Amino acid sequence: MKRRLFLQLFQWLTALACGYLIVNGLCFFYERPTGWLDTYNGPSMAVRNPGSMLVRGSEGYGIHKIDENGYMNPSRELNDSYILMLGSSHTEGKEVAPDQKYSLLVSDYLADGDDKLYTYNIACEGHFLPTEIRHFAAAAEAYPGAEAITIELPDTDYSIEELRAGLDQAVYDPDDNAEYFSHMSFLEKAKVVIKEASPLLTRINSQIVTARAADADETSDMDIEQYLQEYESVINEALALMRSEYDGPIIILYHPKVVIEDEDTLSLQYSGTWDIFRDACIKNNIDVIDTGQDFIELYQTEHELPYGFSNTLPGDGHLNANGHRIMADAVIRYLEEHQ
């Protein structure tokens with residue numbers, strides 16, 4: 001009897017293990033993560049494991065190799081002067097093919113047939129306005145060849161506390177970068193190996209984290225008028241600080257959310273602080289590109305959306321190939337007008 005139960009249990013465990021290995025193997029072609037390292041005093045809040053491969057298939061589809069600095073750029077020689085591109089996962093462009101990302105589209109335009117890289121993309125997942133403010137000086141110092149810096153923003157609404165935290169500037173440390181991966185302890189390296197070898201577990205954990213974030217109750221005791229007054233003050237201070245830390249052009253790339261009203265109408269959903277933020281940019285000699293009207297024209301002329309993929313909801317999620325093309329065209333128009 002015990003032997004039979006043991007054999008039954010062994011068969012169940014074997015089937016479970018085989019099932020896990022099969023599904024985990026398939027995940028390598030569907031959703032493969034990379035090692036992740038927080039960089040408190042680096043050009044961005046984190047970098048990925050250099051040389052690793054990232055696969056994104058749950059939203060669009062993209063396969064990307066991580067460069068020697070921990071960012072998602074092609075294996076090309078970086079030109080002596082280039083445009084440094086900061087941003088969030090939208091700019092990372094995990095959801096599209098590498099050659100569809102707006103950073104590479106702009107680079108190819110500037111290269112004019114040259115094989116060098118004329119933009120350098122240091123975007124980081126979750127790297128939004130407060131952390132972009134905090135790491136701005138470090139980014140400019142780490143990449144002195146930048147003749148302009150673009151900052152992609154999907155939103156400008158953040159708490160006063162988050163924005164003030166960004167004023168505590170990261171003091172650039174050249175060692176706080178991708179080379180930390182080679183100096184990790186055995187246990188730290190093992191965690192990276194396990195993460196990259198277990199995409200199924202990472203996928204499950206990601207779903208749990210997303211669900212918890214959706215359930216989080218974000219409330220504030222500050223009334224809207226007080227918030228907007230304090231927002232105006234702190235965002236002017238932040239942008240003035242950034243302007244003092246870099247002499248070249250600083251270009252904000254803002255892309256509002258879209259709402260499908262009906263099959264003929266698309267509306268834009270701007271951040272509640274957008275007008276204040278835009279005015280603060282103008283006041284501090286920071287250029288602003290708003291792609292909202294381009295999104296409207298895309299929908300009216302081609303009936304296409306800048307967000308969403310065939311395997312996700314239309315108009316929701318990250319920038320798709322259309323969105324990246326619009327972002328690239330907007331940057332290229334800016335460059336042509338300011339040559």
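Begin by selecting glutamate 230 and arginine 164, which form a salt bridge whose closest N and O atoms are 3.4 Å apart. A salt bridge here is a side-chain nitrogen of Lys or Arg within 4 Å of a carboxyl oxygen of Asp or Glu. Because glutamate 230 lies in helix H8 (residues 224–245) and arginine 164 in helix H5 (residues 160–166), the pair ties together parts that are 66 residues apart in sequence. Helices (H or I, at least four residues) and strands (E, at least two) are DSSP runs, numbered from the N terminus. Glutamate 230 has 23% relative accessibility and counts as partly exposed; arginine 164, at 47%, also counts as partly exposed. Under this scheme, buried means under 20% relative accessible area, exposed over 50%, and partly exposed in between (1.4 Å probe, protein chains only).

The model is predicted: local features need pLDDT of at least 70, and side-chain atom pairs count only at pLDDT 80 or more, whereas totals for chains, interfaces and linings use all residues. Residues are numbered from 1 along each chain as its sequence is written, and side-chain values use heavy atoms, with hydrogens and water left out.

**Second stop: the salt-bridge network**

The salt-bridge rule gives a count of 14. Select Glu31, Arg48, Arg56, Glu59, Glu92, Lys94, Glu95 and Glu125, which are linked in a network of salt bridges. Within this selection, focus on glutamate 92 and arginine 48, whose side chains meet at 3.1 Å, N to O. Glutamate 92 belongs to helix H2 (residues 89–92) and arginine 48 to strand S3 (residues 46–48), so that this pair links distant parts of the chain, 44 residues apart. Glutamate 92 is buried at 3% relative accessibility, and arginine 48 is buried at 6%.

Next, display glutamate 59 with arginine 56, another salt bridge, in which the closest N and O atoms are 2.8 Å apart. Glutamate 59 has a relative accessible area of 8% and is buried; arginine 56 is buried at 15%.

**Third stop: the sheet beside arginine 56**

Switch to a cartoon view and select strands S1, S4 and S5. These 3 strands form an open sheet in the order S1-S4-S5, with antiparallel pairing. Strand S1 (31–32) and S5 are the edge strands, each pairing on one side only. Two strands are taken to pair if DSSP finds at least two bridges between them. S1 and S4 have 2 bridges in the antiparallel sense. To see one residue pair across these strands, select glutamate 31 and its bridge partner in S4, arginine 56.

Then move to tyrosine 61, found in the loop between strand S4 (53–56) and strand S5 (62–65). Tyrosine 61 is partly exposed, with a relative accessible area of 41%. Add Met53 and Ile63 to the selection: with Tyr61 they make a nonpolar surface patch of about 250 Å². Patches are made of residues with over 30% relative accessible area and no salt bridge; like charges are joined within 9 Å, and nonpolar side chains (Val, Leu, Ile, Met, Phe, Trp, Tyr) within 5 Å. Accessible areas come from the Shrake-Rupley method with a 1.4 Å probe, and for residues only the protein chains shown count as cover.

**Fourth stop: helix H11**

Select residues 321–337, the 17 residues of helix H11. From its first C-alpha to its last, H11 reaches 24 Å, close to the 24 Å expected at 1.5 Å a residue; the expected span is 1.5 Å times one less than the number of residues. At its N-terminal end, asparagine 320 acts as a cap, with a side-chain oxygen 3.0 Å from the backbone nitrogen of asparagine 322. The buried residues of H11 include Asn322, Gly323, Ile326, Met327 and Val331.

Now centre on histidine 324 in helix H11, which is buried with a relative accessible area of 0%. Its side chain reaches the backbone nitrogen of tyrosine 102 at 3.0 Å. A polar atom of the histidine 324 side chain also lies 3.4 Å from the backbone oxygen of histidine 90. A polar contact is a pair of N or O atoms within 3.5 Å; within protein, one must be able to donate a hydrogen and the other to accept it, and residues adjacent in sequence count only if both atoms are side-chain atoms.

Further along the selection, alanine 328 is also in helix H11 and is buried, with a relative accessible area of 1%. Add leucine 104: alanine 328 and leucine 104 are 224 residues apart in sequence and 8.5 Å apart in space, C-alpha to C-alpha.
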